[in-house]
Amino acid sequence: MRYSIVAMFLLLGVPVNAEDAAGSKDHPLVGRFEGSEITAYETREFDEVSIAREARKTETVEGAVTRIAYLYPADIALVQIHRNFEAAVKANGLELLLSCDQKDCGKINYDVDQFGNSPSWADAFNYRYVLAARPGDQGMIYAALFLSMNNGRARSVVTVVEETEMAFRMIDAAEMQASISNTGSVALYGVRFDTDEAIIKPESEPTLEEMAAFLKANAALSVVVVGHTDNQGSMEYNLALSAERAEAVRDALAGRYGIAGERIAHAGAGFLAPVASNATEAGRALNRRVELIAR
């Protein structure tokens, strides 16, 4: 039976598979091979990824990263997924930079991005790799496929990198003071949360410490902590999530740093006050922030 190449990778509007990992979704530049399911998923606002533009040679690129692991139907061959992926990314304006199998790729299976898996998950004698790219807003956008057999079924890791310079750095108390004095607010990107969570990650402590130092130096000032999200999900969901995150920041400042609770109100704006386009991951990363507003 012959399959239509483009038809098997559905580019838009694919219903979520009941077996998909919670919170996961297909990337619009890649789509989904019909009948596959997502077994693991993550997005990072900034990370580094190993890619191969040419056989037997890898390099590192940085930017906003989406990683998706797929499991394919049992009767689907690697070559069919491989060719459909090529057609799908080309249909979305990406140029193929490398497309190879284990005979031509060399041992890049040990070096290219595999979504945290050990190289041993893949069959070193039966794998394929594709890298495609096109210009983006701040650099190149890369879409990579690493595909192999595992226990008789095809599995893959799809990695999309929107190349950009590191957008965020920690703002200290003096910079918070200047921004509040000039504009009445300051946007903070150093307070981090996992996707769909309102638990503050440990790497947020330096920014919280600077927030506390700023508030202690301005003892007469009261503020509102406002949480902001990107536009992924419903408005109601994002309003609730952003409010929970703002409350978590307020509680941390009051509980761990001794800032009087009555000085800190909190609210969630969801995706109602974007500072960048939500059409790209880089823009969505800018929209996910915590803001301090003087009141």
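## The main nonpolar core

Start with the largest nonpolar core: it has 27 residues, and Met211, Val249 and Leu253 are the ones that touch the most other members. Several elements chip in, with helix H4 (173–183), strand S9 (185–188), helix H5 (205–217), S10, H6 and S12 each supplying at least two residues. The top contributor is H6, which gives six. Keep in mind throughout that this is a predicted model.

Met211 is a good place to zoom in. Leaving aside residues up to four places away in sequence, Met211 touches Met176, Leu188, Val191, Val249, Leu253 and Leu292. Apart from this core lies another one, made of 23 residues, including Val49, Val61, Val65 and Cys105.

## How H5 meets H6

Now for the two helices behind some of those contacts. The axes of H5 and H6 come within 10 Å and cross at roughly 70°. An angle from 65 to 115 degrees counts as roughly perpendicular, so that is how H5 and H6 sit relative to each other.

On the H5 side, the contact is made by Glu205, Leu208, Glu209, Met211, Ala212, Leu215 and Lys216. On the H6 side, Val249, Ala252, Leu253, Arg256 and Tyr257 do the job. Met211, Val249 and Leu253 turn up here again, having already been picked out as the residues that touch the most other members of the largest core.

## The four-stranded sheet

Next, the sheet. Four strands line up in the order S9-S12-S10-S11 to form an open sheet with mixed pairing. S9 and S11 are the edge strands, and each has a single partner strand, so one side of each is left without a neighbour in the sheet. On average, neighbouring strands here are turned by 20° against each other, direction ignored.

At the S9 edge, four bridges tie S9 to S12, and the two strands run antiparallel. Ser185, for instance, has Ile293 of S12 as its bridge partner. H4 lies across both S9 and S12, and its direction is at about 135° to S9.

## A closer look at S10

Is S10 enclosed or open to the outside? Six of the six residues of this strand (residues 223–228) are buried, so S10 is largely enclosed by the rest of the structure. In a regular strand, side chains alternate between the two faces of the sheet. Both faces of S10 are covered: one side has Val223, Val225 and Gly227, the other has Val224, Val226 and His228, and all of them are buried.

Which strands does S10 pair with? One is S11 (residues 264–270), joined to S10 by six bridges and running parallel; here His228 is partnered with Gly270. The other is S12 (residues 289–294), also joined by six bridges but running antiparallel, with Gly227 partnered with Val290. S10 and S11 also belong to a right-handed β-α-β unit, with helix H6 (residues 235–257) as the helical part.

## The whole chain

Finally, let's step back. The protein chain has seven helices and 12 strands, and its C-alpha atoms fill a box of roughly 75 × 35 × 30 Å along the principal axes. Of its 295 residues, 47% count as buried.

How much of the contact network links residues 24 or more positions apart? Such pairs account for 67% of the contacts in the protein chain with a separation of 6 or more.

Conventions. Residues numbered from 1 in each chain as written. Predicted model: local features only at pLDDT ≥ 70, side-chain atom pairs only at ≥ 80, totals over all residues. Heavy atoms only, no water. Buried < 20%, exposed > 50% of the residue type's maximum accessible area, 1.4 Å probe, protein only. Pairing = 2+ DSSP bridges. Right-handed = clockwise from strand over helix to strand, strands pointing away. Core = buried A, V, L, I, M, F, W, Y, C linked by side-chain atoms within 4.5 Å. Contact = heavy atoms within 4.5 Å. Axes fitted to C-alpha atoms, helices over the stretch in contact; angles between N-to-C directions. Parallel < 35°, antiparallel > 145°, perpendicular 65-115°, else oblique.
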